[in-house]
Amino acid sequence: MKKKVVTTLCGTMILLVGMGTGAFASSQLQEIKALLNGDLKIRVNGEITPLKDGNGKAVLPITYKGTTYLPVRSVSELLDVPVNYDGTAKEVIIGEQQAGVPVKQEDFNTSLYTKDPTLTKYGGKNYKEVLYSAPNSNIKYTALSPNGKYQKLVLQFASVGKEVESLEIRDNDKNVLLKKVEKISPNSDLQTIEVDISGVKTIAINVTQAVDGGFIIPLDTSIYK
């Protein structure tokens, strides 16, 4: 993608989401007095470019208490950066969306969680946040808590040091086997394991492996769908 540069004639600028009042009907809205700023021009790669909404209609920046706000959707289209609004989560999502919801620290309670950069790397990539069972650790299991909100778990998993004989993913509350994977080599690529978790509240992940082996589960690429 060709990099685009936006400049304005305004020193102080904040991007404003242009989602329409309907998207925020249940929010705590506060009425303010602001000004449509028709004097402000937007220059993209040296050329003056008008701002437009999703329907192609011209829109103007807003100035409020010395700060000028630009609509995010208009600017994102000028920069070829996608923007979306999640009405359920009340989130503006700028950039490419993941195809699911990342597994987060609050989804589990485990001593395996770490952000230590010496432990979060696998295959030359730093995954930032992981569940990590170190070689010679007695902890060969972990648990996740999707709380019945999702249909599928896409788990990324790799063995460390020694081969994993088997990986079992179970419905912890019903003690039902959801998925079993055998023979995961420490020399193999990161494994992507998809599991149907419809209605499952708590997931147990049990690893059968020699005591001097370990495993890693990246959290930013393990997702719920």
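Which residue follows helix 1, and is its phi positive or negative? Asp80 follows helix 1, and its phi is positive, near 60 degrees. The legends below describe close-up views of a predicted model.

**View 1. Helix 1 and the residue after it.** Helix 1 covers residues 72-79. Its buried residues include Val72, Ser74 and Val75. Ser76 and Leu78 are buried too. An α-helix has 3.6 residues a turn, so residues three or four places apart point the same way. After the helix comes Asp80, with its positive phi.

**View 2. The stacked pair Tyr150 and Tyr224.** The model holds two aromatic pairs. In one of them, Tyr150 and Tyr224 are stacked, at 4.6 Å centre to centre and 5 degrees between the planes. The partners are 74 residues apart and link distant parts of the chain. Tyr150 sits in the loop between strand 15 (141-144) and strand 16 (152-160), while Tyr224 belongs to strand 22 (residues 223-224). Tyr150 counts as buried because its relative accessibility is 17%, under the 20% cut-off. Tyr224 is buried as well, with a relative accessible area of 1%.

**View 3. The stacked pair Phe157 and Phe215.** Phe157 and Phe215 stack at 5.4 Å centre to centre, with 25 degrees between the planes. This pair, too, joins distant parts of the chain, 58 residues apart. Phe157 lies in strand 16, and Phe215 in strand 21 (residues 214-218). Both rings belong to buried residues.

**View 4. The largest nonpolar core.** This core has 26 residues. Leu144, Leu153 and Phe157 touch the most other members. Elements giving two or more residues include strand 16, strand 17 (164-171) and strand 18 (176-184). Strand 19 (191-196), strand 20 (203-209) and strand 21 do so too. A second, separate core has eight residues, among them Tyr122, Tyr127, Val130 and Leu190.

**View 5. The surroundings of Leu144.** Neighbours within four places in sequence are left aside here. Leu144 is in contact with Val103, Asp107, Phe108 and Leu131, among others. Its contacts also include Leu153, Lys201, Thr202, Ile203 and Ile205. Tyr224, from the stacked tyrosine pair, is another contact of Leu144.

**View 6. Leu167 in strand 17.** Leu167 lies in strand 17 and counts as buried, at 0% relative accessibility. The C-alpha atoms of Leu167 and Val207 are separated by 4.7 Å, though the two residues are 40 residues apart along the chain. Beyond its neighbours within four places in sequence, Leu167 is in contact with Val207 and Phe157. Other contacts of Leu167 include Lys179, Lys180, Val181, Ile184 and Ile193. Ile205 and Asn206 are also among them.

Conventions. Residues are numbered from 1 along each chain as its sequence is written. This is a predicted model: local features need pLDDT of at least 70, side-chain atom pairs count only at pLDDT 80 or more; totals for chains, interfaces and linings use all residues. Side-chain values use heavy atoms; hydrogens and water are left out. Rings of Phe, Tyr and Trp (its six-membered ring) pair if their centres lie within 6.5 Å; planes under 30 degrees apart count as stacked, over 60 as edge-to-face and the rest as tilted. Helices (H or I, at least four residues) and strands (E, at least two) are DSSP runs, numbered from the N terminus. Buried means under 20% relative accessible area, exposed over 50%, partly exposed in between (1.4 Å probe, protein chains only). A nonpolar core is a set of buried Ala, Val, Leu, Ile, Met, Phe, Trp, Tyr and Cys residues joined through side-chain atoms within 4.5 Å. Contact means heavy atoms within 4.5 Å.
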